[in-house]
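Please open the structure in a viewer and keep the sequence panel visible. The tour below proceeds by selection, with a short account of what is found at each stop.

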Amino acid sequence: MQEEQIKQIVIIGGGTSGWMTAAALAHFLKNKSYAITLIESEAIGTVGVGEATLPHLRFFNQTLGIDEAEFMAATNATYKMGIEFSNWGKMGDAYIHPFGEYGREINGVAFHHYWLRQHFQGLGKSIDYYSLPVVAAAQQKFMFPMSDERSVFSTYSYAFHIDAGMYASYLRKYSENLGVVREEGKVVAVNQRDNGEISSVQLETGAVIGGDFFIDCSGFRGVLIEQTLKTGYENWSHWLPCNRAVAAPSELDGALLPYTKAIAQVAGWRWRIPLRHRTGNGHVYCSEFITDQDACDTLMSNIDGKLIADPKFLQFTTGKRKKAWNKNCVAIGLSGGFLEPLESTSIYLIQIAIMKLIEFFPDKKFDLAGVDEFNRLMDMEYLRVRDFLILHYHATQRNDAPFWDYCRNMSIPDELAHKMALFRERGHVVEYQGGLFLEPSWVAVYLGQGVVPSAYDPRVNWMTNSQLEKTMLEIEALIDRAAMQMPAHHVFLEQHQAKTNGRPRALMSLYGGRQ
Amino acid sequence: MTSHRLVIYGGGVSAWVTAAALTNAYTVDVLKVVLVNPGVNTKEPSIADSGFTSLRRFHASMRISERELMGQTSATFKLGALYKNWSKPGQNFIHGFSNYGSMLDGIDFHQYAVLLHQCGDTTAFDAYSLAAQAAAAKKFGFLNKDLVEQGFNLDYSLHVDLSQYSQLMQTCAVRKHLEVICGQLDHLNLDADGNIKALVLTSGEVVGGDFFFDCSGSDSVLVRQLPGDKFLKWDKELPVNKQIDLVGGAAKSGLCTDLSVCRGGWLKSIPLKDKTLYSLTYNSEYESDDAAMTAAINFAGVELSDAVQPLTIVPGRRERFWVKNCLAIGAAAGNFTELTFSYLHHVQSGVLRFIDLYSAAGVNDFSAQQYNQLTSDEYARVLDYQQLNLLLGAAESSGFWSCTSKIPRTAELQRKLSLFKERGKLAFEEYETWMPGSWVSLLLGNNYWPEKHDVLLNGCNLELVVKRLGQMRMVNSNLAAQLSDEDEILGKYAILK
């Protein structure tokens, strides 16, 4: 059995996905006779443009034994409690999709049904007022959530805005300390065995690096998974038509927001990601509806601070590699698939792929059932994120631009259509276990973008109108008081920068401990 | 006051459980619940149930005191199922609800058991289960907070007398606001769209309503009259067609439901406080009724009685469960076999899903579609689990068991088997009735060992693993010994009227 063991693991590409993979493998395979080599070229740029993350990244760091305070210092991180979507449902709208809950379940029924009952009566406020992370984020406040489930401070979690390039450098040090070898150079040729498996890669320098197992983190190009193995790509741009982005960092200006901004534009959307040392700005757009120049101008005219670097253009095709794992090669990151960063899922999808890779870590035989299961689970993740992203574009009343006319009228995947129909019928959110976005997220986007049910769960009628009104007021007041107690985000950042204590245990969940 | 009415048709367990759940979910001024009791025997399980852990959650959500319920339903604590002579002649395996071993260094426990097995270790897998150790020693108890925080658990469910349980559900429902009408269905009044407007009873009484529940057992009196109704037989998937139920005296221990193979099929016993339900499920192609009756009587240790006759069973399900404004619940919706099955779970899962999806204010088209999809998925996974039990039953190879390897399997079960065989990983499925740990322990406990262990265990310190696992077994048996005697704790806990 020992001779079947993989000995040489070769990772192609640095960047966030390459170094996250290297770090995790080095951690999980330490003291086992594996050699891990990462090949990257300083000549090839990485896509990392300042990233908004999800709370799951905390779990990744925790698993690798990375100190969160140290990580934050190394990546110029700020805290993040959600994403604000402006002008999506219609011009002038804004809502925050929080890393947390709305209200609380009462008598076994989700809060939004109670909210809906009041809403139908023309009473109550926007559902934003019943979610602590929304209220606190809007007031630019932050503090660590608590683990005590009885406390309202347990109803949210948090993530970070980080400089992804700095995170990659940090993980490089971490990995090299654990014995990962970095090779500088560009891959110019790939050699295969008779059975199609990759046997080695050749660098510009002429050096040949052999391996048993290859991980393709080479980004959009997919040097191994596509250029060599011709795995194929499923194109989803008919549902998610944006295909370009332009990004530029700027100097800090104004408040340090504890949330990411995603502002819909005439043919796409703009992001704004506040880091400690700069602001990340970008414009994701569809080239069929706007020129590069116009897209760039839109970005430039909306940047608050002074520009730090020239705008950088990117091109992409939304979709997914037909098999993330093919033969002795696994694609992680952009080589595996691309979904626009509207819900900050890029690093999450890298992380999930790494976790599943470790779960199904192979030997030289590359067991078929394990590889199939890895691919099936990754497909499920991508598809479910994809559908959630499509919802943002499709659930719109905007008719001010051809792009939005297209999105509003396009046919959507059957499963998503069914989900939306169920919500419209009686406010039901389809539950699933194998996927990232659960009930609070769907509620946030549905209600935030004008998908309003025509009925609610009749169980909530056990309350009288006055009981309901009282309960709703109590929840609103509780959240209002809680937000008031929280310190300002920038103050909290200063005070707790170096502190390791008080940080709650990380979970693989977008929401707080209660979920 | 609302005029919205939900009407249940049936007088057996499924009807009363449905009534109790609906009256608990909706106050009378929201939805009025009416039950029409035909007063005839309903074709559905009626003697005893071997619950899943969900049963206790159901009671908690209804705010029913478990202690009172246990007193009123001749209940015993159930820690799991005892597979006697199932996968290997002479081998007993207890499949407990609670966990087997605990995770080590972030790697699932069972991978270590696989590793040791490959090194020639023959320790029974249930040595790592506190539930199994407790059940074997006839011990039971409630773990204190300290132990729970250390990761121990002793999850349990109940064995209950179904006629007493029905009575209790009836009392709960009537106390809430259930209205009961006695009478038998003559015909349905349908509207032009095929929705039921009313049940017309033989007495001439017309019971109108907005939504109807078919709880009439496998006769499925209401749904079978609706347009497009179809019953999908599982004659290939679960190839049994007869069942003999016998009631005998109290068993020595109530902590496990027993299962064992026999020539014609399998034997199951559910121990209640004062009696035991013995059932033999078989395929008449492989065993004559007379031979089956003799086997059942020997198994139960009772006298032959003319009153007991083999029942014909037809495993299968309706193609759709929610059609128009009518929902089939329990045996009216699907018939599983009495093999690792809880009829109460089957019924409760159906009615709770309905409550989760029903809108009283408008149309329910997408809710019905969703209900039918989720229930189909749920049934498919239950079927997978029952089939797996049949595949594992290797202690007998003649009779019925000569055909079990030819049973057609779903792609999902096939995937589970191949993936597990390869390296002990369990394939993920949505909407499972059994948690991944339950599948794993069922497989390993019944000697379905993977070919390879987790790669991450390569190069681990084997001596240390042996030591750690030895400690786990020791802790389990020590803990089990400290629990109370089963009879004593049941006597104290269950409140008799």
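Which residues does Gly435(A) touch, not counting residues up to four places away in sequence? The model under view is a predicted one. Select Gly435(A) and display its surroundings: the residues it touches, with that exclusion, are Glu381(A) and Arg384(A).

**First stop: the loop around Gly435(A)**

Gly435(A) belongs to the loop that runs between α12 (414-426) and α13 (439-448) of chain A. Its relative accessible area is 15%, and the residue is buried, since the cut-off for that term is under 20%. Next, add Lys230(A) to the selection. This residue stands 205 residues from Gly435(A) along the chain, and 28 Å separate the two C-alpha atoms.

**Second stop: helix α4 of chain A**

Select residues 111-120 of chain A, which form helix α4. Is this helix largely enclosed, or largely open? Of its 10 residues, 8 are buried, so the helix is largely enclosed by the rest of the structure. The buried ones are Phe111(A), His112(A), His113(A), Tyr114(A), Trp115(A), Leu116(A), Arg117(A) and Gln118(A). To view the cover over them, show α12, α13 and α14 (465-485) of chain A, which are among the elements that provide it. The helices α12 and α13 are also those on either side of the loop that holds Gly435(A). Just after α4(A), select Gly122(A), where phi is positive at about 75°.

**Third stop: two residues with positive phi**

Most residues other than glycine have a negative phi. Two exceptions may be selected in turn.

- Gln140(A) has a phi near 55°, a positive value in a residue that is not glycine. It is placed in the loop between α5 (132-138) and β7 (159-162) of chain A. With a relative accessible area of 30%, Gln140(A) is partly exposed.
- Ser74(B) is likewise not a glycine, and its phi is positive at about 50°. The loop that contains Ser74(B) connects α3 (66-72) and β4 (76-78) of chain B. Ser74(B) is buried, at a relative accessible area of 10%.

**Fourth stop: chain B as a whole**

Now select chain B and colour it by secondary structure: there are 14 helices and 24 strands. The radius of gyration of chain B is 23 Å, close to the 23 Å given by the globule rule for 497 residues, so the chain is as compact as a globular protein of that length. Measured out along its principal axes, the C-alpha trace spans about 75 × 50 × 50 Å. Buried residues make up 59% of the 497 residues in chain B. Among contacts in chain B with a separation of 6 or more, 77% join residues 24 or more positions apart.

Switching to a surface display of chain B shows about 19500 Å² exposed, of which carbon and sulfur atoms supply 50%. Colouring by charge picks out 45 positive and 53 negative side chains, and the centres of these two sets lie 2 Å apart.

**Last stop: the domains of chain B**

Give each domain of chain B its own colour: domain 1 takes in 5-75 + 160-235 + 315-382, and domain 2 takes in 100-155 + 383-486. How many residues does each domain bring to the contact between them? Domain 1 of chain B contributes 16 residues, and domain 2 of chain B contributes 16 residues. The centres of the two domains, taken over C-alpha atoms, are separated by 35 Å.

Definitions and conventions. Residues are numbered from 1 along each chain as its sequence is written. Chains are lettered from A and ligands numbered from 1 in the order in which they are written. This is a predicted model: local features need pLDDT of at least 70, side-chain atom pairs count only at pLDDT 80 or more; totals for chains, interfaces and linings use all residues. Side-chain values use heavy atoms; hydrogens and water are left out. Helices (H or I, at least four residues) and strands (E, at least two) are DSSP runs, numbered from the N terminus. The radius of gyration is taken over C-alpha atoms; the globule rule is 2.2 Å times the number of residues to the power 0.38. Buried means under 20% relative accessible area, exposed over 50%, partly exposed in between (1.4 Å probe, protein chains only). Contact means heavy atoms within 4.5 Å. Accessible areas come from the Shrake-Rupley method with a 1.4 Å probe; for residues, only the protein chains shown count as cover. Lys and Arg count as positive and Asp and Glu as negative; His and the chain ends are not counted. The place of a charge is taken as NZ of Lys, CZ of Arg, CG of Asp or CD of Glu. Domain bounds come from an automatic or database domain assignment.
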